[in-house]
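Here are some comments for a colleague who will look at this model before working with it. The points below take up the metal site and then a sheet.

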Amino acid sequence: MQEQAIQWKRGSNTRIPYGLYVDEDVAAQEQARIFHGKVWNYLCLAAEIPDAGSYRTTFAGDTPVVVVRDADDEIYAFENRCAHRGALIALEKSGHAENFQCVYHAWSYNRQGDLVGVAFEKGVKGQGGMPETFCKEEHGPRKLRVAVFCGLVFGSFSEDVPDIEDYLGEEICERIERVLHKPVQVIGRFTQALPNNWKLYMENVKDSYHASLLHMFFTTFELNRLSQKGGVIVDESGGHHVSYSMIDRNARDDSYKAQALRSDNDRYRLKDPSVLAGFEEFDDGITLQILSVFPGFVLQQIQNCLAVRQLLPKGIQRAELNWTYLGYLDDTPEQRKVRLKQSNLVGPAGFISMEDGAVGGFVQRGIAGAKELEAVVEMGGEHAGSSEGRATETSVRGFWKAYRAHMGQEGAA
Ligand code: FES
Ligand SMILES: [Fe+2]
């Protein structure tokens, strides 16, 4: 393996080399060691491919993937790359297929990704065709292992990745089950283009320190303040996290005003506060739960707005965020309306999270000439474990702990 281009100057995860966000070798190694390595990549929802033959096209890192349900009701995933010349096998975002036929020279594949047909394999009128030695079983797109947990479909190129429950760990499993405890339905989707390296977005998701500072809406309307009850869970590997809080109007304090923080001010009022009017549906009182799974999956509950997000690297300084909004199958029309209305809170133009789509770009632009320098991630100390308070960057350090383990960078002094 080639030498690591990036040097970690300290053993801990409190200093992050900026080179990791701008280096081509790093990006190439991430594809091999992370996205093709011992991880589970989120692919789609089982609810999106409900019947035999329904499929979606997606990605594991850079690699295009087809996810499809076969007649045996099992879900299969394989590389979306024709074994002949490498064209995409499936071109649509989603659909229904008896089998798949490449448009280029019509080689065909069954729903499990096996090459089953080669056009003119025997030639025409005794001329041409493939040699006798050509064996279809020896050719085909690479297949992924598939795991389904609570209706989330994950895929892995690794034979050695642990079972999905072990990969996630008990606490993360419980927190996923808490939200995805009954059948869901897709109620909306879009793709957000991010002007930054994929890792900057993943760090942002895990960064419970920024939420009430960057997002004026959160703080001003008291959806999330660090004085509210809540905490951060980081799993053993460091790579997965949950940040949660409970709206508590009594927790209002002067700490934001006292520090003259931009996000706390009295100038703004909502003319129509109905966007904040939710209904109680979780009996633990948690009104906000953001959960991430390494490397690029997010499950979100912000009041009644439920969504999954799939983060995909698109080159070094670009990423793509695929949002899928969810409701439960048994929602009443009123509940559905609330979910749709609250979806205005998040996404690229969301009242809360529009800043997240911009701030990664601010970092990417800010570090342009600082490849050899590093970020400071020391809020809450050095550790990368669970924490009761949220004025911490513990889960960001957790991300780097997992990242370094996958990338083989732990040894740096
Ligand atoms: S590239 Fe697919 S059949 Fe030729
Ligand atoms: Fe944010």
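1. Four donors count as tetrahedral if all angles lie between 85 and 135 degrees, and as square planar if opposite donors are over 155 degrees apart and all others between 65 and 115; anything else is irregular. Please keep in mind throughout that this is a predicted model.

2. With that convention in hand, the site of the iron ion (ligand 2) is irregular, as the angles among its four donor atoms run from 58 to 147°. Water is not among the atoms, so sites may look incomplete.

3. The protein donors of the iron ion (ligand 2) are the NE2 atoms of His210 and His215, together with two OD entries from Asp356, and they lie 2.1 to 2.3 Å from the ion. Along the chain these donors follow the spacing H-x4-H-x140-D. Distant parts of the chain are linked here, since His215 sits in the loop between α5 (211–214) and α6 (216–220), while Asp356 belongs to helix α9 (residues 354–366), 141 residues apart. Both His215 and Asp356 are buried.

4. Turning to the sheet, seven strands form an open arrangement in the order β12-β18-β17-β16-β15-β14-β13, with antiparallel pairing. Its edge strands, each of which pairs on one side only, are β12 (184–194) and β13 (230–234). On average, neighbouring strands of this sheet are turned by 15° against each other, with direction ignored.

5. How many bridges join β12 to β18? There are 10, the two strands running antiparallel, and in this pairing Val184 stands opposite Tyr328 in β18. On β18 itself, nine of the 10 residues are buried, which leaves this strand mostly covered.

6. β18 also pairs with β17 in the antiparallel sense, over eight bridges, with Leu306 standing opposite Leu326 in β18. The two strands form a hairpin with five residues between them, and Gly315 in the turn has a positive phi of about 85°.

7. Strand β16 (residues 297–302) pairs with strand β17 (residues 305–313) over six bridges, again in the antiparallel sense, and Val298 stands opposite Arg309 in β17. Helix α8 (residues 333–342) packs on the sheet, where it touches β12, β16, β17 and β18 (319–328), and its direction makes about 160° with that of β18.

Terms used. Residues are numbered from 1 along each chain as its sequence is written. Chains are lettered from A and ligands numbered from 1 in the order in which they are written. This is a predicted model: local features need pLDDT of at least 70, side-chain atom pairs count only at pLDDT 80 or more; totals for chains, interfaces and linings use all residues. Side-chain values use heavy atoms; hydrogens and water are left out. Donors are N, O and S atoms within 2.8 Å of the metal (3.2 Å for Na, K and Ca); water is not among the atoms, so sites may look incomplete. Four donors count as tetrahedral if all angles lie between 85 and 135 degrees; four count as square planar and six as octahedral if opposite donors are over 155 degrees apart and all others between 65 and 115; anything else is irregular. Helices (H or I, at least four residues) and strands (E, at least two) are DSSP runs, numbered from the N terminus. Buried means under 20% relative accessible area, exposed over 50%, partly exposed in between (1.4 Å probe, protein chains only). Two strands pair if DSSP finds at least two bridges between them. Axes are lines fitted to C-alpha atoms, for helices over the stretch in contact, and angles run from 0 to 180 degrees between N-to-C directions. Contact means heavy atoms within 4.5 Å.
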